[in-house]
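Biologist: I would like to go through this model with you step by step, beginning with one of its helices and then moving on to the sheet. Could you show me the sequence and the structure before I ask anything?

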Amino acid sequence: MIINSQKRSFGRGPKVSVFTLGTMRSVESAERIYDIIKLAHFAGINHLETAPSYGRAENFIGEALEKLNETEKVSKENWVITTKVLPKGNFKELKERFFNSLINLNINKINNLAIHGLNLCEHLEWAVEGEGRKFINWLLSQKLIDQIGFSSHG
């Protein structure tokens with residue numbers, strides 16, 4: 001039984017649960033993250049937030065989503081996944097990191113990609129005019145992401 005199925009529109013993508021499960025500290029074990037994601041699903045949460053910099057979190061999420069599909073018949077399509085990239089790197093490096101995230105999460109596309117940590121003018125320039133812009137445009141043209149967001153620490 002799902003406890004709270006309330007969802008809201010979030011940009012152009014699918015509706016997102018009012019609560020989100022962030023996975024920054026989800027590095028204990030694959031079994032532990034499976035239990036947490038399973039409980040989140042039954043609490044009505046469909047949005048998972050992660051990042052490659054969160055250790056093995058993406059791997060654990062990918063494994064958990066596969067197991068949930070097998071054991072509980074919860075399709076990966078039910079989930080809205082956000083992962084992050086830092087505002088640095090060239091196009092080739094960014095593509096490689098992005099494909100690693102897809103492999104780790106065991107999915108074909110990312111619902112929401114966050115460019116995380118636009119804290120300096122050079123970060124913004126990277127995202128708007130530099131390698132970041134090239135990367136973002138490529139992702140959108142390849143339909144590998146539904147939408148993109150930006151964040152800052154100050």
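Biologist: At the start of helix 3, to within how many Å of the backbone nitrogen of lysine 92 does a side-chain oxygen of asparagine 90 reach?
Modeller: Please keep in mind that this is a predicted model. At the start of helix 3, the two atoms to look at are a side-chain oxygen of asparagine 90 and the backbone nitrogen of lysine 92. The oxygen reaches to within 3.0 Å.

Biologist: Which face of helix 3 is turned inwards, if I may put it so, and which residues of the helix are exposed?
Modeller: The buried residues of helix 3 are Phe91, Leu94, Phe98, Ser101, Leu102 and Leu105. Seen down the helix axis, these buried residues fall within an arc of 100 degrees, so they line one face of helix 3. An α-helix has 3.6 residues a turn, so residues three or four places apart point the same way. On the other side of helix 3, the exposed residues are Lys92, Glu96 and Ile103.

Biologist: What covers the buried residues of helix 3?
Modeller: The cover includes both helices and strands. Among the helices are helix 2 (57–72), helix 4 (121–128) and helix 5 (131–141). The strands include strand 5 (80–85), strand 6 (110–116) and strand 7 (145–151).

Biologist: Which strands are the edge strands of the open sheet?
Modeller: Five strands form this sheet in the order 3-4-5-6-7, and their pairing is parallel. An edge strand pairs on one side only, and that holds for strand 3 (20–22) and strand 7.

Biologist: How many bridges join strand 4 to strand 5, and which residue is the bridge partner of histidine 47?
Modeller: Strand 4 (residues 47–49) and strand 5 run parallel, and three bridges join them. Glutamate 49 stands opposite threonine 82 in strand 5. For histidine 47, the bridge partner in strand 5 is valine 80.

Biologist: How many of the six residues of strand 5 are buried?
Modeller: In a regular strand the side chains alternate between the two faces of the sheet. On one side of strand 5, Val80, Thr82 and Lys84 are buried, and on the other side Ile81, Thr83 and Val85 are buried as well, so that both faces are covered. Strand 5 is therefore largely enclosed by the rest of the structure, and the number of its residues that are buried is six of the six.

Biologist: Is leucine 39 buried or exposed?
Modeller: Leucine 39 has its place in helix 1 (residues 30–42). The buried residues in that helix are Ile33, Tyr34, Ile37, Ala40 and His41, and they cover an arc of only 130 degrees around the axis, which puts them on the same side of helix 1. Leucine 39 has a relative accessible area of 61%, and because the cut-off for this class is over 50%, leucine 39 is exposed.

Biologist: Against which elements do the buried residues of helix 1 pack?
Modeller: Helix 1 has 13 residues, which should span 18 Å at 1.5 Å a residue, and its end C-alpha atoms are indeed 18 Å apart. The helix is followed by glycine 44, whose phi is positive, near 95 degrees. The buried residues of helix 1 pack against strand 3, strand 4 and helix 2.

Note on methods
Residues are numbered from 1 along each chain as its sequence is written. This is a predicted model: local features need pLDDT of at least 70, side-chain atom pairs count only at pLDDT 80 or more; totals for chains, interfaces and linings use all residues. Side-chain values use heavy atoms; hydrogens and water are left out. Buried means under 20% relative accessible area, exposed over 50%, partly exposed in between (1.4 Å probe, protein chains only). Helices (H or I, at least four residues) and strands (E, at least two) are DSSP runs, numbered from the N terminus. The arc is that of the directions from the helix axis to the C-beta atoms. Contact means heavy atoms within 4.5 Å. A polar contact is a pair of N or O atoms within 3.5 Å; within protein, one must be able to donate a hydrogen and the other to accept it, and residues adjacent in sequence count only if both atoms are side-chain atoms. Two strands pair if DSSP finds at least two bridges between them. The expected span of a helix is 1.5 Å times one less than its number of residues.
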